[in-house]
Amino acid sequence: MAPDSPPLLKVTNLVKLFPVKKGVFGKVVGHVHAVDGVTFAVMKGETLGLVGESGCGKTTVGRALLRLVQPTSGSVVFNGKEVTKLPSYQLRSMRKRMQIVFQDPYSSLDPRMTIERIVGEGFAIHGPPKGAKDPNIARRERIHDLIEQVGLSHDHLSRLPHEFSGGQRQRIALARALALDPDFVVLDEPTSALDVSVQAQALNLLKRLQGKFGLSYLFISHDLSVVGHMSDRIAVMYLGRIVELAPADVFLRHALHPYTQALIASIPIPDPKMRKDRKGIEGEVPSPTNPPKGCRFHPRCTLAMDMCRTKEPVMAEVEPGHFVACHLCAKA
């Protein structure tokens with residue numbers, strides 16, 4: 001990852017609003033601000049962690065990047081091309097380079113298809129692997145290689161998804177995502193459905209495959225300890241917006257935004273002798289249909305000032321590579 005190289009993915013002011021409808025005729029009476037002005041970049045070979053509470057818009061960001069949901073506005077530039085304005089035939093070609101591993105591996109796998117058909121589904125849509133003299137042989141060899149790469153055996157190819165554990169199904173989903181040699185993969189809570197004993201195996205597998213294939217990841221999770229282990233940089237979302245973005249080592253030892261500090265303080269400590277006085281985040285998450293004015297975190301922030309209630313903070317670089325949207329940091 002060269003510091004001066006252009007980003008593989010650049011997202012600017014991404015917005016996704018979902019209409020709220022009422023009445024017999026479905027009149028639009030408001031909008032859910034799922035993603036509201038998100039900006040970030042992902043470099044080649046980098047893992048960007050995206051964290052936040054449930055409902056903050058993390059998954060919507062990942063789906064909007066691939067246009068699984070159509071963004072309301074904003075720009076998504078992948079490898080120099082604007083994704084949001086591509087016609088359908090060009091978007092299909094682009095999706096070979098951008099893949100996603102969904103949170104629930106069971107619901108994302110067709111229960112009626114064998115594992116061989118699931119992993120090879122991309123070839124049925126986009127054609128056989130490049131340079132293949134015999135498409136069928138090349139396809140079969142590629143599927144067998146992928147299954148080995150994710151730690152499964154050839155014997156599993158004739159089975160159906162319900163015959164596997166959650167960890168194995170997630171490996172199958174990852175093999176499917178890698179079938180077309182993508183450059184960028186969205187990992188949407190890839191370990192949340194797994195037992196703790198299996199999570200470490202899955203994370204090590206992701207790191208190994210990233211090193212072998214030069215992949216870039218957007219790693220979406222609510223678990224800061226997992227994100228800190230996996231990511232080069234970490235972005236924190238709150239109510240549809242990014243409030244802090246920093247390198248992982250800086251993030252975990254020198255977080256500046258009050259919301260980020262509260263999230264880090266909530267990370268469980270395995271040693272019972274190292275208990276400390278922890279104060280949870282007060283109040284409830286405001287409704288995304290009517291987000292607060294000013295700083296969106298101010299109703300729950302114990303450090304909020306008058307200006308936090310009226311003026312929206314701007315994302316600013318407080319130190320090299322460390323960006324924060326907070327009036328307290330601006331004053332300091």
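Reader: Two strands pair if DSSP finds at least two bridges between them. Which residue stands opposite Y238 in β10?

Author: In this predicted model, the residue of β10 that stands opposite Y238 is R241.

Reader: And how many bridges join β9 to β10?

Author: There are six, between β9 (residues 233–238) and β10 (residues 241–247), and the two strands run antiparallel. Together β9 and β10 form a hairpin with two residues between them. In that turn, L239 has a positive phi of about 50°.

Reader: Is β10 mostly covered or exposed?

Author: Mostly covered, since six of the seven residues of β10 are buried. On β12 (residues 322–324), β10 has another antiparallel partner, joined to it by two bridges. One pair to look for is L245 with F323, its bridge partner in β12.

Reader: What is the strand order in the open sheet?

Author: The eight strands follow the order β6-β7-β8-β3-β9-β10-β12-β11, and the pairing is mixed. At the edges are β6 (98–101) and β11 (316–319), each of which pairs on one side only. On average, neighbouring strands of the sheet are turned by 25° against each other, direction ignored.

Reader: Which strands does helix α1 touch when it packs on the sheet?

Author: Helix α1 (residues 58–65) touches β3 (47–51), β6, β7 (184–188), β8 (216–220) and β9. The direction of α1 makes about 150° with that of β8. Helix α7 (residues 196–213) lies across β3, β7 and β8, and runs at about 155° to β8.

Reader: Back to α1, then. How many of its residues are buried?

Author: Six of the eight residues of α1 are buried, so the helix is mostly covered. The buried ones are K58, T60, V61, G62, A64 and L65.

Reader: What follows α1?

Author: R67 follows α1, in the loop between that helix and β4 (73–78). Its phi is near 60°, which is a positive value in a residue other than glycine.

Reader: Does R67 count as buried or exposed?

Author: R67 counts as buried, because its relative accessible area is 17%, under the 20% cut-off. Another residue other than glycine with a positive phi is D181, at near 55°. D181 is found in the loop between α6 and β7. Unlike R67, which is buried, D181 is partly exposed, with a relative accessible area of 41%.

Reader: Changing topic to R300: where is it found?

Author: R300 is in the loop between α10 (258–265) and β11.

Reader: Why does R300 count as buried?

Author: R300 counts as buried because its relative accessibility is 8%, and the cut-off for buried is under 20%.

Reader: With which residues is R300 in contact?

Author: Leaving aside neighbours within four places in sequence, R300 is in contact with E53, Y238, I281, E282, G283, E284, V285 and P286. The side chain of R300 makes a polar contact of 3.1 Å with the side chain of E53. A further polar contact, of 3.3 Å, joins the side chains of R300 and Y238. Y238 is the residue opposite R241 in β10.

Reader: Now the interior. How many residues does the largest nonpolar core have?

Author: The largest nonpolar core has 54 residues, and those with the most contacts inside it are I115, V119, I172, L206 and F219. Helix α6 (residues 166–178) gives the largest share of this core, with six residues. Separate from it is a second core of 33 residues, which includes A64, L65, L86 and M237. Of these, A64 and L65 are among the buried residues of α1.

Reader: What is I115 in contact with?

Author: Apart from neighbours within four places in sequence, I115 is in contact with I147, H156, L157, R159, L160, P161, F164 and I172.

Reader: Finally, the whole protein. How many helices and strands are there?

Author: The protein has eleven helices and twelve strands. Its radius of gyration is 21 Å, close to the 20 Å that the globule rule gives for 332 residues, so the protein is as compact as a globular protein of that length. Its C-alpha atoms fill a box of roughly 70 × 60 × 50 Å along the principal axes.

Reader: And what percentage of the 332 residues count as buried?

Author: The buried part is 46% of the 332 residues. Among contacts with a separation of 6 or more, 64% are between residues 24 or more positions apart.

Note on methods:
Residues are numbered from 1 along each chain as its sequence is written. This is a predicted model: local features need pLDDT of at least 70, side-chain atom pairs count only at pLDDT 80 or more; totals for chains, interfaces and linings use all residues. Side-chain values use heavy atoms; hydrogens and water are left out. A nonpolar core is a set of buried Ala, Val, Leu, Ile, Met, Phe, Trp, Tyr and Cys residues joined through side-chain atoms within 4.5 Å. Buried means under 20% relative accessible area, exposed over 50%, partly exposed in between (1.4 Å probe, protein chains only). Helices (H or I, at least four residues) and strands (E, at least two) are DSSP runs, numbered from the N terminus. Contact means heavy atoms within 4.5 Å. Axes are lines fitted to C-alpha atoms, for helices over the stretch in contact, and angles run from 0 to 180 degrees between N-to-C directions. A polar contact is a pair of N or O atoms within 3.5 Å; within protein, one must be able to donate a hydrogen and the other to accept it, and residues adjacent in sequence count only if both atoms are side-chain atoms. The radius of gyration is taken over C-alpha atoms; the globule rule is 2.2 Å times the number of residues to the power 0.38.
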